[in-house]
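User: I am new to this structure and would like to understand the reasons behind the labels used for it. Could we go through them one at a time?

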Amino acid sequence: MIIPWQQLEAETLNNLIEYYVLREGTDYGEQEISLAQKVAQVRAQLQSGEVVLVFSELHETVNLMSKQQFHEQ
């Protein structure tokens, strides 16, 4: 189920994005990118609709995933 990220408290959304970014451990290439920059990138992807916030009733977890990835499930 997609959670409307706009309805979350700003601090809650920020914590979810930070958790996602830290958990993913994504390699950003040769240039180091700060946590704040990574969070801003994910937030921009949420705002554009490229990424969605998803609640799994089965696992009782919240995750961020691409819109395409969500529709392929």
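User: How many bridges join β2 to strand β3, and what is the direction of the pairing?

Analyst: In this predicted model, six bridges join β2 to β3 (residues 61-66), and the two strands run antiparallel. Two strands count as paired when at least two bridges are found between them, so the six bridges of β2 and β3 satisfy that condition. Along this pairing, Ser-56 stands opposite Thr-61 in β3, and Val-54 stands opposite Asn-63 in β3.

User: What makes β1 and β2 a pair?

Analyst: Strand β1 (residues 2-3) is joined to β2 (residues 51-56) by two bridges, and the two run antiparallel. Because the cut-off is at least two bridges, the two bridges between β1 and β2 meet it. Within this pairing, Ile-2 stands opposite Val-54 in β2, and Val-54 is also the residue that stands opposite Asn-63 in β3.

User: Which strands stand at the edges of the sheet, and why is one side of each left without a neighbour?

Analyst: The three strands form an open sheet in the order β1-β2-β3, with antiparallel pairing. The strands at the edges are β1 and β3, and each has a single partner strand, so one side of each has no neighbour in the sheet.

User: Where is Glu-60 placed, and what is notable about its phi?

Analyst: Glu-60 is in the loop between β2 and β3, two strands that form a hairpin with four residues between them. Its phi is near 55°, which is a positive value in a residue other than glycine.

User: Why is Glu-60 called exposed, and why is Asn-14 called partly exposed?

Analyst: Exposed means a relative accessible area over 50%, and Glu-60 has 66%, so the word applies to Glu-60. For Asn-14, which lies in helix α1 (residues 10-24), the relative accessible area is 23%. Because buried would require a value under 20% and exposed a value over 50%, the 23% of Asn-14 falls in between, and partly exposed is the fitting term.

User: What does Asn-14 touch, leaving aside residues up to four places away in sequence?

Analyst: Asn-14 touches Val-39 and Arg-43, where a contact means heavy atoms within 4.5 Å. As for His-71, it is 57 residues from Asn-14 in sequence and 24 Å from it in space, C-alpha to C-alpha.

User: How do you know that the protein is as compact as a globular protein of its length?

Analyst: The protein has three helices and three strands, which follow the pattern β-α-α-β-β-α along the sequence. Its radius of gyration is 12 Å, and the globule rule gives 11 Å for 73 residues; the two values are close, so the protein is as compact as a globular protein of that length. The C-alpha trace spans about 35 × 30 × 25 Å along its principal axes.

User: How much of the protein is buried, and what supplies the area that it exposes?

Analyst: Buried residues make up 22% of the 73 residues, and the protein exposes about 5,500 Å², of which carbon and sulfur atoms supply 49%. Among contacts with a separation of 6 or more, 41% come from residues 24 or more positions apart.

Key
Residues numbered from 1 in each chain as written. Predicted model: local features only at pLDDT ≥ 70, side-chain atom pairs only at ≥ 80, totals over all residues. Heavy atoms only, no water. Buried < 20%, exposed > 50% of the residue type's maximum accessible area, 1.4 Å probe, protein only. Rg over C-alpha atoms; globule rule 2.2 N^0.38 Å. Areas by Shrake-Rupley, 256 points an atom, 1.4 Å probe, with all protein chains shown as cover.
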